[in-house]
Structure formats: C-alpha cells, structure tokens
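Work through these exercises with the structure open beside you. Try each task before you read its solution.

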Amino acid sequence: MKNVGNARINRNASRIFLVIVVLVVVIGIVTSTIIFVPPDQSGVVVSVLAPGGYRPDPLQSGLHFVVPLLENVEKYSKAKQTYTMSAASSEGQRTGDDSIRARTKDGQEVFIDASVIYAINPTNVVNLHITWQKRYGEELVRPLVRGVIRDAASQYGIEEIVSSKRGELEGFITEQLTTKMAENDLLMVDFVLRDIHFSTDYAVAVEQKQIAEQQALQAEFVVQSKKQEAEQARQIAQGQADAVVIASKGDAEARLINAEAEAKANELIAASLRDNPELLTYQYITRLAPSINTILVPSDNPYILPIPGSTTTPVAPTTTTP
C-alpha cells in the first residue's frame, strides 16, 4: 500500500509540473506575441514569413502582434544621437586622439575636432537595419563625416579655414552631410566644428606672423598719430594765419574808414573856410596857450589889441628906426 501511495504522489507531482511547464510555455508564447514599442523607438520585424525576411513597414510606438518563434522585433531609437571626434580622449566615442587629419588647398596639415548630431529616419529604419543593423554609428556615420571634412578642407587655404571662411567651411560640410546622410536613411540635425589646430611648426610660424602683424599695426598706429598731430598743427597754424589776415583786413578797413572820415571832415572844413575866411584866424587864436596875453598884429595896425578876456590895456606899437 505504501508503494501505491508513493506512486500516486509521484504521478500527481508530475502532472502539476507538466501543468506549470505548459503555463510557462503559454505565457511565454503570449508575451512573445504581444510586443510593446516605446514612443521614442521604432521596430523592425524580422520574419521568416515575410518576403526578404523583413516586414516592409516598421512598427511605430504602441502594442503590436507578431508570430512567436517566427518573428522577432529589433528596436531602434528615434532620439538624436551625437558622434564626436576630438583630440581630447575624454570627449569622443573613441579614446585617444580622434581628431580628423586633413590637408588644405595650399598643402598645410590641419587637425579638426568635430561633432555631428543626427537621428535615424523612422520611415526608413527597415532599410537601415538591412544595410547596417546596429553598426551604423561606427561603420557609417564616422567614415562619412571624416571623408566630408577632409574633402571640404582641401578646397580652402589654411588662412581661409582659420579666419575669413571658417563659417563658409562649416556651412559647406553641413550641406554635404545632410545630403549624404539622407541617402543612408539618417536625418542630419547639426554639425559643430569644435576646433582647428595645426602642426607644431606651422603653429610657431603663425605665432611669428601674428607678432609681426601686431608690430606692423603698432607702427601704422604711430604713423597715423604723427599724421594727426601734424594735421592739428597745420590747422592751428592755418587758424592763426587766418586770424592775422582777418585782423589785418580789420585794421585796413578801420584805417580806410578813418581816412574817409578825415577826408570828409577836411572837405567840410575847406567848405567852411571858403564861406568864412576869418574862421581860420579865430581858430588859431582860440588854440593859443592860456599864458599868452599879447599877440603881434601886422605893422600897419596902429594898436596892439588885448586878448579877449584879459585886462591888458591896448598900447600903440612902437616904431623902431633901423
């Protein structure tokens, strides 16, 4: 009886275990049948049932049904991604110096640090998966960016790259990357030209040139200062000369006015004398000094007349015998 009881217990345990296994399998099948795609992702259905091995349309965010064991879903992020290549080992995807080495139009060697910001085109994610799968960052984006930058740098001189046409270079690279990424199922978001540096020899040459240019600018500033000082001195001298001319003209005009006034006065005096001949004698007498009390009159005048206002008695003139 004991053996029969044990056999019954074993059979019951086997049945329970079998039920559990079946439940696990069913749950597994159900869970593998329903796939949830997050809002920031797209799904590529790899299927043995579909022509070519892939469903033609990607799965967008939400719940989707697939055939267990016969279909699998590969998820790709829709978010923006950044790939950086820099001389600083801590900045890029690769350790060590990962800057882009390029040659300019004039044969100079430059090293460029850059970042490209991009995203997967969600409508073309199936084709991207077929072509690159998860390798698109290292095997597509990296060589594509480096090649475009090298090609762009070769079309500019080194002076243009570091100064006047750096913005134009950056715009040219952005345009080229936008086109080429679109051809490879990616969306170009932005390109950042982080830094441009040179070989040691050229850096020394650039520094020396900058020093020479600064010295030339300083010398030009001194020359301009001297020119300004000379111009100020000339203007002051011109102003003084103009002042002298103006003063001379003023004096001349004043003398002319005085001369004209004097001539006018003389004309009036002459006219007055013509009308009053004795006026001159009267003017002469009135202008004599106050201390003179006696005047001489012509010899044919029998008297010496007193000065008007004096108390002197008139006397007869004496005759002197020769």
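A residue is buried if its relative accessible area is under 20%, exposed if over 50%, and partly exposed in between, with a 1.4 Å probe and only protein chains counted. This is a predicted model: local features need pLDDT of at least 70, side-chain atom pairs count only at pLDDT 80 or more, and totals for chains, interfaces and linings use all residues. Residues are numbered from 1 along each chain as its sequence is written, and side-chain values use heavy atoms, leaving out hydrogens and water.

**Exercise 1. The whole chain**

Task: Describe the chain by its helices and strands, its buried residues and its contacts.

Solution:
- Step 1. Take the helices (H or I, at least four residues) and strands (E, at least two) as DSSP runs, numbered from the N terminus. The chain has seven helices and eight strands.
- Step 2. Turn to burial. Of the 322 residues in the chain, 22% are buried.
- Step 3. Look at contacts, meaning heavy atoms within 4.5 Å. Take those with a separation of 6 or more: 66% join residues 24 or more positions apart.
- Step 4. Add the surface, computed by the Shrake-Rupley method with a 1.4 Å probe. The accessible surface is about 21900 Å², and carbon and sulfur atoms hold 59% of it.

**Exercise 2. The span of a helix**

Task: What should helix H3 span, and what separates its end C-alpha atoms?

Solution:
- Step 1. The expected span is 1.5 Å times one less than the number of residues.
- Step 2. H3 covers residues 136-153, which is 18 residues, so it should span 26 Å.
- Step 3. Its end C-alpha atoms are 24 Å apart, which agrees.
- Step 4. Now check burial along H3. Its buried residues include Tyr136, Gly137, Leu140, Val141 and Arg142. Ala152 and Ala153 are also among them.

**Exercise 3. Two helices that meet**

Task: How do the axes of H3 and H5 lie relative to each other?

Solution:
- Step 1. Two packed helices are described by the angle and the distance between their axes. Axes are lines fitted to C-alpha atoms, for helices over the stretch in contact, and angles run from 0 to 180 degrees between N-to-C directions.
- Step 2. H5 is residues 166-183, and its axis comes within 10 Å of the axis of H3, crossing at roughly 140°. That makes H3 oblique to H5. Under 35 degrees is roughly parallel, over 145 roughly antiparallel, 65 to 115 roughly perpendicular, and the rest oblique.
- Step 3. The crossing of H3 and H5 is right-handed. Right-handed means the near helix is turned clockwise from the far one by less than a right angle; anticlockwise is left-handed.
- Step 4. Zoom in on Ala152, which lies in H3. It is buried, at 0% relative accessible area. Beyond its neighbours within four places in sequence, Ala152 is in contact with Leu169, Phe172 and Ile173. The C-alpha atoms of Ala152 and Phe172 are 7.1 Å apart.

**Exercise 4. Buried or partly exposed?**

Task: Place Asp98 and Glu74 in a burial class, then list what they touch.

Solution:
- Step 1. Asp98 sits in the loop between strands E5 (81-85) and E6 (100-103). Its relative accessible area is 5%, so it is buried.
- Step 2. Leave out residues up to four places away in sequence. Asp98 then touches Thr84, Met85, Ser86, Ala87, Arg142 and Arg146.
- Step 3. Glu74 belongs to strand E4 (residues 71-77). Its relative accessibility is 26%, so it is partly exposed.
- Step 4. Among the residues Glu74 touches are Val46, His129 and Lys134. Glu74 and Val46 are 28 residues apart along the chain, with 7.4 Å between their C-alpha atoms.

**Exercise 5. Positive phi**

Task: Where are Gln133 and Asp185 found, and what is phi in Gln133 and in Asp185?

Solution:
- Step 1. Gln133 is in the loop between helix H2 (125-131) and H3. Its phi is near 55°, a positive value in a residue other than glycine.
- Step 2. Asp185 is in the loop between H5 and strand E8 (186-198). Its phi is near 70°.
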